[in-house]
Amino acid sequence: MKERQSKLLYLLQTKKTEYVLGTYLSEKLGVSVRTIRNDIKELNESLLIDAVIESNNRYGYKLTGSLEKFQEKDHQHFEERSFYIIKTLMERDGYTVYSELADQIYYSSRTIRLDIQKISLICKEKYNGVYIEAKPFHGVRLIGAELEKRALLEGMIQKKNATEEEIIRSAYLMFREWYSKEEIANMLNMIKNEIYDRQMTVSLNILDQILVHLLITRRRIEKGYIVDISEVKEGITTAKEQDLADRIATYLEDVSGIAVPETERKYLIIYLLSKKIGNWEWQNNALDIEQDEMLALISSSLEKLAFRFGYPLLEDEQLLMGLYYHVSKAIYPMKYRLEIENPFIEKIKTQYLQAYHMAVYFSQNIQEQMMVVIEEEEIGFIALHIQSALERLDEKKFMEIAIVCSSGVATSSLLKQKIEKRFREMKVQGLYSVDNVSFIPEHIKVIVSTVPLEVKDKKVIVVHEFLEEQDLLNIKDNVYLTLFSELMEDQKFAILDAESKEDLIHQALTHFNMEDFEESILQRELLSTTDVGNGVALPHPMTSATEETSIYAVINKKEILWGKSSVRLILFLFLKEDDHLQYEQLFRELYHLIISEKKLEAIFEAESFDDYIHVLK
């Protein structure tokens, strides 16, 4: 079952007695209404047994029945087959022939060979400490560090479960050669109870991951395979995290009858840190920070970030200490390449564009100094710290607009109050009569007017004198794309038919004669993919050497995979390094474009630059 489908079932289950609108589900899951319809069709036809999702053209969808059972699918996908291949190889020190793997999974030896080739590529890309060794006439075997082997096996598990019953069922199907269903259920209950007893928070998805991790850990300890990790700095955990790790280790000892080594206990602590279920408030932590190298690294990284983006970040002690304690705890999961769950990553990348962009820059410096890889999920958490700091800044930067009204001062003042109340980031620079339009300052690019006007180099939004709700929506749709549309030119626009992200980047930069930036843009994509949701990506180089801020737009004729989502509108950003004021306005405008499905749908249908710019203006 796809992760999105599991989340869809969860949303329907929470409102089981009532219908849920397709638009609500679409918004919550970040996909189109059409995708919701397709998922529901697949669930009804291929997965649900004792349940059905009813549809009503007027009211939406409603789940009826029980989710305890689902239709079986025997290793139809590569991810499922790869899990069983790795699991089998981990159980053996010697070689395993292809035909034996094929018999176990009920696929041909040729398919198994192709799967092992794919697994080898995954190992090379993500798990440097492990690889599959193939020997003619002998077969294949898994070589590498125990920690990496376990991470590889866990990484092959793609299922996301919607209920505890489904978690138990799924785990039993994967590990039934190792454990009974009762043993799995008992372990899940133990984990859940121990976490809740310590007033920690955990999602169903994280609960599922911890269960799988412990099932693998117990089996490997019983077989005599122990992880080898270096010393862990004292003080990185709270008492709750340490106590939880000790209790879980004791449980494993009780049920297996085998002692859990000290290195396994330390690894369990690091694993729990990666799941972020403990108390992370830095005020309550007792780390000695007087001459801490990490604090110096965070300070220097913030100093570079402040210089790059023009914000007084080092003056914000809450940001400094928040990042210090966050990175101090996260560094060990990052060092051992543990998967980090961030359920908000897509929303963070969409809603906090500037903060996420700054977090990538900050993380790059940490990576270089600490020799670790910071995945985009962790960058998302760092972005939340930076976003909070931006919102704490005393100097609030507003978007200035002018109001032109033909009905006198009272009506103009009422318009001003309504606009500034509704749009807190806007400030009305002045109130003008029709006769005084020429006095509006040059830097004001947007005019809200109660009468039709044509003013050179300014966008005019016509509204009713008493500003109805539709007027406010009209302002929202039009006011935020002034700088963005100004930066667009015919020669900075293209419609392409690329097959992949790399293909599009190469084609686009060649088309725009910007080939010198290709390597830097690809390096930036390795840090964190620049897809931001709703079919949009914002690729940009690590550093810009351009004299002016510019945007190059590409509409691809078909969707292409860009990170975890598919995109069609690709906006290449080249930001002048000292153009700090423009950063904020540009990212704000991009955000409002990305969340406007109506505008994006029109852009996707554009067949020329004129069509494209018409949507923006």
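**Group meeting talk: a walk through a predicted chain**

Let's start with one residue. Glu-100 has a relative accessibility of 30%, so it counts as partly exposed. The cut-offs explain that label: under 20% would be buried, and over 50% would be exposed. Glu-100 sits in helix α5, which covers residues 98–105. Now look across to Gly-139. Glu-100 and Gly-139 are 39 residues apart along the chain, yet their C-alpha atoms are separated by 9.5 Å.

Step back to the whole chain. Please remember that this is a predicted model. The chain has 617 residues, and 53% of them count as buried. Its secondary structure comes to 25 helices and 13 strands. What about contacts? Take those between residues at least 6 apart in sequence: 69% of them join residues at least 24 apart.

How confident is the predictor? The mean pLDDT of the chain is 84, and 90% of the residues reach 70 or more. One stretch needs care. Over residues 280–291 the pLDDT is below 50. That stretch still has 25 contacts in the model beyond near neighbours in sequence. But where pLDDT is low, the predicted coordinates should not be read in detail.

Next, helix α12, residues 262–275. Let's check its length. There are 14 residues, and at 1.5 Å a residue the expected span is 20 Å. The end C-alpha atoms are 20 Å apart, so the two values agree. Is α12 enclosed or open? Of its 14 residues, 12 are buried, so the helix is largely enclosed by the rest of the structure. The buried set includes charged-letter names you will know, among them Glu-264, Arg-265 and Lys-266. Also on the list are Tyr-267, Leu-268, Ile-269 and Ile-270. Just after the helix comes Lys-276, with a positive phi of about 55°.

On to helix α13, residues 293–309. Same check. For 17 residues at 1.5 Å each, we expect 24 Å, and the end C-alpha atoms are 24 Å apart, which agrees. Its buried residues include Leu-295, Leu-297, Ile-298 and Ala-306. Gly-310 follows just after α13, and takes a positive phi of about 80°.

Which helix does α13 pack with at an angle of about 140°? The partner is α16, residues 353–370, and the two axes lie 10 Å apart. How do we name that angle? Roughly antiparallel begins over 145 degrees, and roughly perpendicular covers 65 to 115. The pair falls in neither class, so α13 and α16 are oblique to each other. Their crossing is right-handed. Who meets whom? From α13, the residues include Met-294, Leu-297, Leu-302 and Phe-309. From α16, they include His-357, Tyr-361, Phe-362 and Met-370. Met-294, Leu-297, Leu-302 and Phe-309 are also on the buried list of α13.

Now the loops. Right after α16 we find Met-371, in the loop between α16 and α17 (376–392). Its phi is near 55°, a positive value in a residue other than glycine. Its relative accessible area is 72%, so Met-371 is exposed.

Phe-137 is another such case. Its phi is positive, about 70°, although Phe-137 is not a glycine. You will find Phe-137 in the loop between β3 (130–135) and β4 (139–144). Buried or exposed, at 87% relative accessibility? Phe-137 counts as exposed.

Compare that with Ile-440. This residue lies in the loop between β6 (426–432) and β7 (446–449). Its relative accessibility is 7%, so Ile-440 counts as buried. What does Ile-440 touch, leaving out residues up to four places away in sequence? The answer is Ala-402, Val-404, Tyr-432, Ile-447 and Lys-458. Ile-440 and Gly-430 are 10 residues apart in sequence, and their C-alpha atoms are 7.9 Å apart.

Last stop, Lys-564. Find it in the loop between β12 (550–562) and β13 (565–574). With a relative accessible area of 54%, Lys-564 is exposed. Yet Lys-564 has contacts. Setting aside neighbours within four places in sequence, they are Glu-346, Glu-376, Glu-377 and Asp-531. Lys-564 and Thr-529 are 35 residues apart in sequence, and 8.2 Å apart from C-alpha to C-alpha.

That is the tour. Any questions?

Conventions: Residues are numbered from 1 along each chain as its sequence is written. This is a predicted model: local features need pLDDT of at least 70, side-chain atom pairs count only at pLDDT 80 or more; totals for chains, interfaces and linings use all residues. Side-chain values use heavy atoms; hydrogens and water are left out. Helices (H or I, at least four residues) and strands (E, at least two) are DSSP runs, numbered from the N terminus. The expected span of a helix is 1.5 Å times one less than its number of residues. Buried means under 20% relative accessible area, exposed over 50%, partly exposed in between (1.4 Å probe, protein chains only). pLDDT is the predictor's confidence in each residue, from 0 to 100. Contact means heavy atoms within 4.5 Å. Axes are lines fitted to C-alpha atoms, for helices over the stretch in contact, and angles run from 0 to 180 degrees between N-to-C directions. Angles under 35 degrees count as roughly parallel, over 145 as roughly antiparallel, 65 to 115 as roughly perpendicular and the rest as oblique. A crossing is left-handed if the near helix is turned anticlockwise from the far one by less than a right angle, and right-handed if clockwise.
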